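I opened this notebook to record what I looked up about ring packing, buried residues and nonpolar cores.

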Amino acid sequence: MTTPPIFPALIGLGYSVIKRPIFYNASARSGSGWLVRVSYAAAPTWEWDLTFDVLRDPNATSDLRKLLGFYLARNGDLIPFLFLDPDDNSVTAQNVGTGDGTTTIFTLVRSYGALETGVENIGYLNTGATFNVYFDGTLQSTSTYDVLTATPGKQQISFHTAPPAAPSCPVITVDMSYYYYVHFKDPTNDFEKFADKFWTVKKITLESLRG
C-alpha cells in the first residue's frame, strides 16, 4: 500500500482547536429500573475542529491553495489521509505485548493518560521518525523484525522468531511516532475571502477512521 498523503502544516492554523473523542455505546433500562449498558468498541473515534484564521493567497504555492487543493484532491470527504496531531503523535517505552514463545506479530498501540490510561491502535506509523523495539528495556536489532504498515489502524511488528516464553517472557516496548488516519468529515467547507489575497476557514473537521 502506498503511504497516504499527509495533511499540510500551515502557519494560518489558529486557536482554539477542539479535539473530540466519540464512543459507541448503547443502554436500555428494564421495567425494574436496572440500566444495561453495552459498548460496541473498545476505543473511540476522534474529531478535530480546526480554524484557519489567515490563509494567504499571493501565488500558486500559497497556504490557501495548499489547503483547498488538498481538499479537492481528497474529493472532499471521500479519500482518507494522515494527520499529525501536534499534541498526540509519539510515545516512548510503549508496552505492546509480552513474549509467550509462540506469538510473532504484535499490534502497535499507544497509551494516553496519567492515573488511568486509554489504549488504542495507532492509525499509521511515522516511518520517517525513530522506531525502536526493546525486550525488557534491551534494544533489539532491526534485523530481527519487520514492520507491517499495509493496513491503517493495524500497524504491526512481525518478529522473525517469537519472543521467548517463561521464565523470561520479555515485556515488548517501542519508541515511535504516529499519525491518525482520517478524512474530512464534511463533503463541503466554507473558504471565506475577507481581504485582497487573504482568506479564512472558520471550521474544518477531521474525523478518524479505524481502517
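The entries below follow the aromatic pairs, then the charges over rings, one loop residue and the cores.

**Entry 1: aromatic pairs.** I note at the outset that the model is predicted. I searched the whole structure for aromatic pairs and obtained 18. I then examined F135 and F159, whose ring centres are 5.4 Å apart. Their planes stand at 55°, so I recorded the pair as tilted. F135 belongs to strand 11 (residues 132-135) and F159 to strand 14 (residues 156-159), so this pair ties together parts 24 residues apart in sequence. I looked up the accessibility of both: F135 has 16% relative accessibility and counts as buried, and F159, at 5%, counts as buried too.

**Entry 2: a further partner of F159.** I found that F159 also pairs with Y145, with ring centres 6.1 Å apart. The planes of Y145 and F159 are at 70°, so I entered this pair as edge-to-face. It links distant parts of the chain, since Y145 lies in strand 13 (residues 145-148) and F159 in strand 14, 14 residues apart. I noted that Y145 and F159 are both buried.

**Entry 3: ring cluster and charges.** I traced a cluster joined by ring pairs, made up of F7, W46, W48, F52, F70, Y71, F81, F83, Y180, F184 and F191. I then looked for charges over rings. The charged end of K19 is positioned over the ring of W46, 4.7 Å from the centre. I found R74 over the face of F70, 4.5 Å from the ring centre.

**Entry 4: S62.** Where is S62 found? I located S62 in the loop between strand 4 (45-56) and helix 1 (63-73). Its relative accessibility is 3%, so I classed S62 as buried. The side chains of S62 and D57 share a polar contact of 2.8 Å. Neighbours within four places in sequence aside, I list R56 and D57 as the contacts of S62.

**Entry 5: nonpolar cores.** I found that the largest nonpolar core has 20 residues, and that F7, W48, L50, F52, L67, F184 and L206 have the most contacts inside it. Strand 4, helix 1, strand 5 (81-83), strand 15 (171-184) and strand 17 (198-208) each contribute at least two residues to this core. Strand 4 gives the largest share, five residues. I checked F184 separately: leaving out neighbours within four places in sequence, its contacts include F7, F70, Y71, R74 and F81, as well as I204, T205 and L206. I also recorded a second, separate core of 17 residues, with V96, L108, V133 and Y145 among them.

Definitions and conventions
Residues numbered from 1 in each chain as written. Predicted model: local features only at pLDDT ≥ 70, side-chain atom pairs only at ≥ 80, totals over all residues. Heavy atoms only, no water. Phe/Tyr/Trp six-rings, centres within 6.5 Å; stacked < 30°, edge-to-face > 60°. Helix = DSSP H or I, 4+ residues; strand = E, 2+ residues; numbered from the N terminus. Buried < 20%, exposed > 50% of the residue type's maximum accessible area, 1.4 Å probe, protein only. Lys NZ or Arg CZ within 6 Å of the ring centre and 35° of its normal. Polar contact = N/O pair within 3.5 Å; in protein donor to acceptor, adjacent residues only side chain to side chain. Contact = heavy atoms within 4.5 Å. Core = buried A, V, L, I, M, F, W, Y, C linked by side-chain atoms within 4.5 Å.
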